[in-house]
Amino acid sequence: MGFKWEERATYLPDVDSSDQLFDLIELCNIHIHDVSNDGMAYIGYEFTCAWEEEHGIGVMTHKNRIVAIDGADTSILSWIAENDKVEQI
């Protein structure tokens, strides 16, 4: 966290809807991986976010499924896609 706990409401307020979350994050990169399963590539989304300016947030997806959410590097780490591919077989 890049802020003091007292500042939490400013940088990481409670959210009740996806619209409120979208005000706190911004998409900065989309990574299409060379790892695929069932004819579909894994795709990583990298976001900046209000509560973690240094590392951001990353989401790895496959088809309509979220595979992993963590720091921004989650969106680029092909081993996450590879491990998921093995688990899905």
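Trainee: Which residues is Val-59 in contact with, leaving aside its neighbours within four places in sequence?

Mentor: In this predicted model, Val-59 is in contact with Ile-43, Gly-44, Tyr-45, Phe-47, Ile-66, Ala-68, Ile-69 and Ser-75, once its neighbours within four places in sequence are set aside. Val-59 itself belongs to strand 3.

Trainee: Why is Val-59 called buried?

Mentor: Its relative accessible area is 14%. A residue counts as buried under 20%, so Val-59, at 14%, is buried.

Trainee: How far apart are the C-alpha atoms of Val-59 and Ile-43?

Mentor: They are separated by 8.3 Å, although their positions lie 16 residues apart along the chain as a sequence separation. Contact, however, is judged on heavy atoms within 4.5 Å. Ile-43 is therefore listed as a contact of Val-59 on the basis of heavy atoms, while the value of 8.3 Å concerns C-alpha atoms.

Trainee: What pattern does the chain follow when read along the sequence?

Mentor: The pattern is α-α-β-β-β-β-α, which corresponds to three helices and four strands. Of the 89 residues in the chain, 31% are buried.

Trainee: What makes strand 1 and strand 2 a pair, and how do they run?

Mentor: Two strands pair if at least two bridges are found between them. Nine bridges join strand 1, residues 25-37, to strand 2, residues 40-49, so the condition is met. The two strands run antiparallel. As one example, Ile-30 has Tyr-45 in strand 2 as its bridge partner.

Trainee: Which residue takes a positive phi in the hairpin of strand 1 and strand 2?

Mentor: That residue is Asp-38, with a phi near 55 degrees, in a hairpin that has two residues between the strands. Asp-38 has a relative accessible area of 60%. The cut-off for exposed is over 50%, so Asp-38 is exposed.

Trainee: What makes the pairing of Lys-63 with Asp-38 a salt bridge?

Mentor: The closest N and O atoms of Lys-63 and Asp-38 are 2.3 Å apart. The criterion is a side-chain nitrogen of Lys or Arg within 4 Å of a carboxyl oxygen of Asp or Glu, and the pair therefore qualifies. Lys-63 lies in the loop between strand 3 and strand 4, and Asp-38 in the loop between strand 1 and strand 2, so the salt bridge ties together parts that are 25 residues apart in sequence. Lys-63 has 44% relative accessibility and counts as partly exposed, because that category covers values between 20% and 50%.

Trainee: How many salt bridges does the structure hold?

Mentor: It holds two. One of them is formed by Asp-84 and Arg-65, whose closest N and O atoms are 2.6 Å apart. This pair links distant parts of the chain: Asp-84 is in helix 3, residues 78-88, Arg-65 is in strand 4, and 19 residues separate them. In general, side chains of opposite charge can pair when their charged atoms come close.

Trainee: Is Asp-84 buried or exposed?

Mentor: With a relative accessible area of 5%, against a limit of under 20%, Asp-84 is buried. Arg-65, at 28%, counts as partly exposed.

Trainee: Which residues line the largest pocket?

Mentor: The lining includes Leu-21, Ile-25, Tyr-45, Phe-47, Trp-51, Ile-57, Val-59, Thr-61, Ile-66 and Ile-69. The pocket contains about 170 Å³ of space. Strand 3 gives the largest share of the lining, three residues, and strand 2, strand 3 and strand 4 each supply at least two.

Trainee: How do the residues of the lining of the largest pocket divide into nonpolar, polar and charged?

Mentor: There are nine nonpolar residues, one polar and no charged. Tyr and Trp count as nonpolar, and both types appear in the lining as Tyr-45 and Trp-51.

Trainee: Why is Ile-25 called buried?

Mentor: Ile-25, which lies in strand 1, has a relative accessible area of 17%. The limit is under 20%, so Ile-25 is buried. Beyond its neighbours within four places in sequence, Ile-25 is in contact with Phe-47, Thr-48, Cys-49 and Trp-51.

Trainee: Is His-33 buried or exposed?

Mentor: His-33, also placed in strand 1, has 10% relative accessibility and therefore counts as buried. Its contacts, sequence neighbours within four places set aside, include Tyr-42, Met-60 and Leu-77.

Technical notes: Residues numbered from 1 in each chain as written. Predicted model: local features only at pLDDT ≥ 70, side-chain atom pairs only at ≥ 80, totals over all residues. Heavy atoms only, no water. Buried < 20%, exposed > 50% of the residue type's maximum accessible area, 1.4 Å probe, protein only. 1 Å grid on protein atoms, 1.4 Å probe; cavity = no way out; pocket = protein on both sides within 12 Å on 5 of 7 lines; lining within 4 Å. Points joined across faces, edges and corners; volume = space filled by probe spheres on them.
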